[in-house]
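Work through the exercises below with the sequence and the model in view. Each task is followed by a solution in steps.

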Amino acid sequence: DKGSLFENFYYTEILTKDFYSMNKINFWRTTNKTEIDFIVQNDHGLNAIEVKWNDPKRPKSFDTIELLYPGIITKVITTATYLT
């Protein structure tokens, strides 16, 4: 449950920082079930964000989305990276 709760918390933080609701927020999943938690589109471009409780390794889904959307910024958010 910790991972799901942290993901929900981070989603709330994304919404809080977007006071004027200018960001477009989606998730991304392929037909073979690889996914990325949040795709945030704003004036600065696209951000792919994967939220994990404590696993900082880069997911394979980032490789796929970078091929489809060159220039997308990818981030892995963990409790350690968020709280520092």
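**Exercise 1.** Find the backbone atom that the side chain of Asp 37 reaches, and describe the surroundings of Asp 37.

Solution. The side chain of Asp 37 reaches the backbone nitrogen of Val 51 at 2.8 Å. This is a predicted model, in which local features need pLDDT of at least 70, side-chain atom pairs count only at pLDDT 80 or more, and totals for chains, interfaces and linings use all residues. Residues are numbered from 1 along each chain as its sequence is written, and side-chain values use heavy atoms, with hydrogens and water left out.

Next, place the residue: Asp 37 is in strand 2, residues 35-42. Strands are DSSP runs of E with at least two residues, helices are runs of H or I with at least four, and both are numbered from the N terminus.

Then list the contacts (heavy atoms within 4.5 Å). Neighbours within four places in sequence aside, Asp 37 touches Glu 7, Asn 26, Phe 27, Ile 49, Glu 50 and Val 51.

Last, check the charge. Asp 37 is buried but has no salt bridge, and the nearest side chain of opposite charge, Lys 52, is 5.7 Å away. Buried means under 20% relative accessible area, exposed over 50%, and partly exposed in between (1.4 Å probe, protein chains only). A salt bridge needs a side-chain nitrogen of Lys or Arg within 4 Å of a carboxyl oxygen of Asp or Glu. Lys and Arg count as positive, Asp and Glu as negative; His and the chain ends are not counted.

**Exercise 2.** Decide whether Lys 33 is buried or exposed, and state its phi.

Solution. Start with position: Lys 33 sits in the loop between strand 1 and strand 2. Its relative accessibility is 64%, so Lys 33 counts as exposed. Phi of Lys 33 is near 75°, a positive value in a residue other than glycine.

**Exercise 3.** Locate Trp 53 and list its contacts.

Solution. Trp 53 belongs to the loop between strand 3 (45-51) and helix 2 (61-68). Because its relative accessibility is 33%, Trp 53 counts as partly exposed. Leaving aside neighbours within four places in sequence, the contacts of Trp 53 are Lys 2, Gly 3, Phe 6, Thr 78 and Thr 79. The C-alpha atoms of Trp 53 and Arg 29 are 20 Å apart, with their positions 24 residues apart along the chain.

**Exercise 4.** Place Glu 66 and name its contacts.

Solution. Glu 66 is part of helix 2. At 30% relative accessibility, Glu 66 therefore counts as partly exposed. Beyond neighbours within four places in sequence, Glu 66 is in contact with Arg 58, Ile 72 and Thr 74.

Notes:
Polar contact = N/O pair within 3.5 Å; in protein donor to acceptor, adjacent residues only side chain to side chain.
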